[in-house]
Every structure is written in structure tokens, then in C-alpha cells.
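Me: Before I rely on the labels given to aromatic contacts in a model, I would like to see each label set against its criterion. Could you take me through the reasoning?

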Amino acid sequence: MTASPLRFPLRSVLWIAFFGAIIAAWAVMFIMAKMSGVDVIGRPVGMNMMPMDTFAALFPMWAIMMAAMMLPTMIPTLTTYERLMVSADGTRAGWVGVLLGYFAVWVAFAALISSAQVALTRFAVIDALGIATSGLIAGGLMIIVGAFQFTRAKEVCHGVCHAPMTYFLGHWKTGFAGGLRMGLGLGAFCVGCCWGFMALGFVGGVMSLLWMGLATLLMIFEKLPAIGHHVIKPTGVLLIGAGLAVAIL
């Protein structure tokens, strides 16, 4: 008798593909950082720097960066959808739709911030590595992002990201199209919640793997059920304090 081929349930296949995409995105970002001639903190280490001052060069980088940084933060949302699959007639197609809708919004944000980087580079606000050209600019950006942590907009957007079950129950749609619509909505709230951490790339350098890692961990912590609400304001205080120090010094 021949052994039957090993079969994986669809759930396992999709989750393996999901985590594989995250790993691949981080690997690509590591390779791009090396090709750009920067070290792990985004500082130049050689003379052969890859030019990163056009939309055509920046958009793929930012899109891959969105996959590396934002897909890990989506794990609670996807697991929440899974818990509703039986009781609310959810499907694996809907699960995929949620994922694609969410990521589509972040790809749109990648296009927006790529355009912003091109403009900021042309006006010498940031340099070719995406680093603010003065401490005043870097510190001011940190203060703005820190202050945003205390706003009503942050509270509302974080509430949806932190508790996706409430959003699903209020906006439930079945099938792939329904999942896609919910994913677009969740992605919009997530952009509203986390745009500032992406903008901080212009402080540390958009090719800084250290900044990417720290920002990803912080966004994951903000979405953890037990501690998420307790992270926001302390982070704001730290950013404002650090921004003042950078601006003054």
C-alpha cells in the first residue's frame, strides 16, 4: 500500500501563507536596506546608496513595508473573525476578504506616504534616506505624533482596532465581498490609529530596520486586549518628551 499524501486543512494553508508573507516581507526589507547602503538603524555605511527619491522607487518599498509591519498587527482581527465563522455564517473566503481589504487600505496609504516623501525630499525637509534634515523638524514630528495619542480620533480608531469583535458585530457581511468590505473599514480605522508611527520613519530613516521593528512591536502592544489601552498615553508622553529633547538639543 502506498501512503496517502499529506493533506492540510484550508485553515492551516491560509495561516501558513499569511505568516510566510510576513517573513518574506521582512526578508525583502532586509535585502533592500543592504542594497540601499544603510545599516540596521538606517544610517549610510557606504557610497553606493540606492536612490530613493522617486515615487517609482518608494512605492514598492512602502508597500512591502506595510506588509512587514501591519500584517502582524492583524492577527487578533483574523482570529476574531474565525470565532464568528460558525455563529455568524462566516467563511474562509470572507476571512481572505477581510485580509485583502485591510491590506488594500494600507497599500493606498503607502502610495500617499510615498508621494509625501518625494515632496519632502524635493523641499529638503528630509534627505535621500528619508531622515529629517534638522532636529527641529524631527522633534516637531515626534511631538505631533505624541500629541495625537491623546486625541479623540486616536481613541475612536484604536477602539475599533483593539476590539474588532464590536466592529464585526455592527458591520457583519457574509462571503468574500462582505469580508472585503469589512476589511476596508477596519483598514481605514487602523490607518487612522497608526499613521503617526509610520510618519516617524522620517525621524529614524525609512530604511531603518530598528525603527520598523520598534514601531511594529508598539502597534502590536496597542492591540493586545489586556494592555492595549494602557500603552497609548504613556507612549504619547515619551514621544513628546523625546521630541522636545531632539528639537532643543
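Reply: What follows takes the labels one at a time, for a model that is predicted.

Me: Why is the pair of tryptophan 15 and phenylalanine 19 called stacked?

Reply: Of the 13 aromatic pairs counted, this one has ring centres 5.7 Å apart and planes at 25°; since pairing needs centres within 6.5 Å and stacking needs planes under 30 degrees apart, the pair is stacked. Both residues belong to helix α1 (residues 10-35), where they are four residues apart, about one turn of the helix.

Me: What makes tryptophan 15 buried, and what is phenylalanine 19 called?

Reply: Tryptophan 15 has a relative accessible area of 8%, and the limit for buried is under 20%, so tryptophan 15 counts as buried. Phenylalanine 19 has 37%, which falls between that limit and the 50% above which a residue is exposed, so phenylalanine 19 is partly exposed.

Me: How do you know that tyrosine 81 and tryptophan 172 are stacked, and where do they lie in the chain?

Reply: Their rings are 5.2 Å centre to centre with 25° between the planes, which satisfies the limits of 6.5 Å and 30 degrees. The pair links distant parts of the chain, with tyrosine 81 in helix α3 (residues 75-84) and tryptophan 172 in the loop between α7 (164-171) and α8 (175-199), 91 residues apart. Tyrosine 81 has a relative accessible area of 0% and is therefore buried.

Me: Which residues form one aromatic cluster?

Reply: The cluster consists of Trp15, Phe18, Phe19 and Trp95. The charged end of arginine 92 sits over the ring of tryptophan 95, 6.0 Å from its centre.

Definitions and conventions: Residues numbered from 1 in each chain as written. Predicted model: local features only at pLDDT ≥ 70, side-chain atom pairs only at ≥ 80, totals over all residues. Heavy atoms only, no water. Phe/Tyr/Trp six-rings, centres within 6.5 Å; stacked < 30°, edge-to-face > 60°. Helix = DSSP H or I, 4+ residues; strand = E, 2+ residues; numbered from the N terminus. Buried < 20%, exposed > 50% of the residue type's maximum accessible area, 1.4 Å probe, protein only. Lys NZ or Arg CZ within 6 Å of the ring centre and 35° of its normal.
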